[in-house]
Amino acid sequence: MNISHIEHIGIAVNNLDEAIPYYEKTLGLKCYKVEEVSDKKVKTAFFMVGQTKIELLESTDPEGPIGKFLEKKGQGVHHLAFAVDNVNKSLNELDEKGVRLIDKTARKGAEGLSIGFLHPKSTMGVLTEICGKE
Ligand code: ZN
């Protein structure tokens, strides 16, 4: 497995209409896309910081994963995503190394990337995503 960089940092927010102006007007970043991922019950907003993105996550359903996270922990860092060349190959490798996987095989995430999540119980508490073009 070859991690090239941090692809994005996912941050759970109560409200994109409130969060986007903070990132744009206060921090001076530019929101280049807002995308709804309906099967994950989430609306996302993306900002570029060097080659790393900030992915804001607003829940569209209290029963969805971000809805539950916000309910339990409130707003804040939700997950860290590493860029790899091949997501399925990396998931297999991690599986062999004994890492507990949320996704056994890659699935489609925001921005058309292949993604897979590792369980925080195996990653010192950090919900970790690996993502890539394949
Ligand atoms: Zn993500």
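These are my notebook entries on the fold, sheet and surface of this chain.

**Model.** I am working from a predicted model, so I keep that in mind throughout.

**Elements.** I counted secondary structure to start with: the protein chain has three helices and eight strands. Reading from the N terminus, I get β-α-β-β-β-α-β-α-β-β-β. I then looked up the radius of gyration, which is 15 Å, close to the 14 Å that the globule rule gives for 134 residues, so the chain is as compact as a globular protein of that length. I also boxed the C-alpha atoms along the principal axes and got roughly 45 × 30 × 25 Å.

**Sheet.** How are the eight strands ordered in the sheet? I traced E2-E3-E4-E1-E5-E8-E7-E6, an open sheet with mixed pairing. At the edges I find strand E2 (31-37) and strand E6 (107-108), each with pairing on one side only. I zoomed in on strand E5 (residues 76-84) and strand E8 (residues 128-132): they run parallel to each other, with four bridges. In that region, I noted Ala83 opposite Cys131 in E8.

**Burial and contacts.** I checked burial next, and 43% of the 134 residues count as buried. For contacts between residues at least 6 apart in sequence, I see 51% joining residues at least 24 apart.

**Surface and charge.** My value for the accessible surface is about 7600 Å², with 52% of that belonging to carbon and sulfur atoms. How many positive and negative side chains are there? I tallied 18 positive and 20 negative, and the centres of the two sets sit 3 Å apart.

Terms used. Residues numbered from 1 in each chain as written. Predicted model: local features only at pLDDT ≥ 70, side-chain atom pairs only at ≥ 80, totals over all residues. Heavy atoms only, no water. Helix = DSSP H or I, 4+ residues; strand = E, 2+ residues; numbered from the N terminus. Rg over C-alpha atoms; globule rule 2.2 N^0.38 Å. Buried < 20%, exposed > 50% of the residue type's maximum accessible area, 1.4 Å probe, protein only. Contact = heavy atoms within 4.5 Å. Areas by Shrake-Rupley, 256 points an atom, 1.4 Å probe, with all protein chains shown as cover. Lys, Arg positive; Asp, Glu negative; His and termini not counted. Charge placed at Lys NZ, Arg CZ, Asp CG, Glu CD. Pairing = 2+ DSSP bridges.
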